[in-house]
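Please look over the sequence and the model below. A short briefing on the fold and on one helix pair goes with them.

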Amino acid sequence: MNKEFEMLDYGSLSDFELTDLLKEGDAAAYTVIYNRYFGELFIHASNRLNDKEEAQDVIHELFVTIWNKKQDLLVKSDLAAYLYTSVRNRILDIIAHRQVESKYINSLQGFLDQGYCITDHLVRERQLAELIQKGVSELPLKMREVFELSRKHCMSHKEIAVQLNISEQTVRKQVNNALKILRGKLGIMVFICI
């Protein structure tokens with residue numbers, strides 16, 4: 001290495017000169033750029049992100065990228081503008097990612113809440129159906145037969161009366177009595193299930 005470069009005071013070099021040296025792979029020029037801009041960029045990113053660790057990660061990633069792509073570095077105006085623009089773009093990416101993540105989490109939570117409600121209602125509905133079936137099975141035989149023809153087979157009182165060879169009034173009375181018995185047996189259980 002040339003003695004002229006060994007005696008070079010990197011701190012007094014302009015951003016333009018440091019950028020040229022960086023493109024040639026000069027690690028000392030890179031270090032000066034890092035030390036010159038890290039603090040300002042960190043404060044800028046930290047204020048935008050409200051997260052110091054994430055801001056530090058953004059700045060470190062930027063400088064790693066700069067070092068890895070030093071030969072292809074295209075600084076069109078000045079280095080400060082290039083660095084601030086790069087940080088701003090990274091911050092915008094993070095904010096957009098946060099918004100997508102937030103929407104996803106909210107929609108997932110909504111789905112989980114809705115799924116829980118649907119499942120909960122189905123379980124309760126099944127439990128209620130089982131309670132009703134148990135209550136119906138405990139009715140006296142003739143009353144149960146009339147009630148099941150009315151409710152399960154959707155037959156009218158007249159159709160039931162004809163089929164069982166009893167009066168419509170008897171059918172109506174049997175259905176009403178069955179409902180009273182079921183309300184009495186299931187009242188408290190229906191309240192618990194619903």
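The points below cover the chain as a whole, then one helix contact.

This is a predicted model, in which local features need pLDDT of at least 70, side-chain atom pairs count only at pLDDT 80 or more, and totals for chains, interfaces and linings use all residues. Residues are numbered from 1 along each chain as its sequence is written, and side-chain values use heavy atoms, with hydrogens and water left out.

**Overall fold**
- The chain has eight helices and zero strands (DSSP runs, H or I of at least four residues for helices, E of at least two for strands, numbered from the N terminus).
- Along the sequence the pattern reads α-α-α-α-α-α-α-α.

**Burial, surface and contacts**
- Of the 194 residues, 29% are buried (under 20% relative accessible area, 1.4 Å probe, protein chains only).
- The chain exposes about 13,500 Å², and carbon and sulfur atoms supply 56% of that area (Shrake-Rupley method, 1.4 Å probe).
- Among contacts (heavy atoms within 4.5 Å) between residues at least 6 apart in sequence, 55% join residues at least 24 apart.

**Helices α6 and α7**
- The axes of α6 (residues 141-151) and α7 (residues 157-164) come within 10 Å and cross at roughly 135° (lines fitted to C-alpha atoms over the stretch in contact, with angles from 0 to 180 degrees between N-to-C directions).
- α6 and α7 are therefore oblique to each other (not under 35 degrees, over 145, or 65 to 115).
- Their crossing is right-handed (the near helix is turned clockwise from the far one by less than a right angle).
- From α6, Lys142, Glu145, Val146, Leu149 and Ser150 meet Ile160, Gln163 and Leu164 of α7.

Definitions and conventions
Buried < 20%, exposed > 50% of the residue type's maximum accessible area, 1.4 Å probe, protein only.
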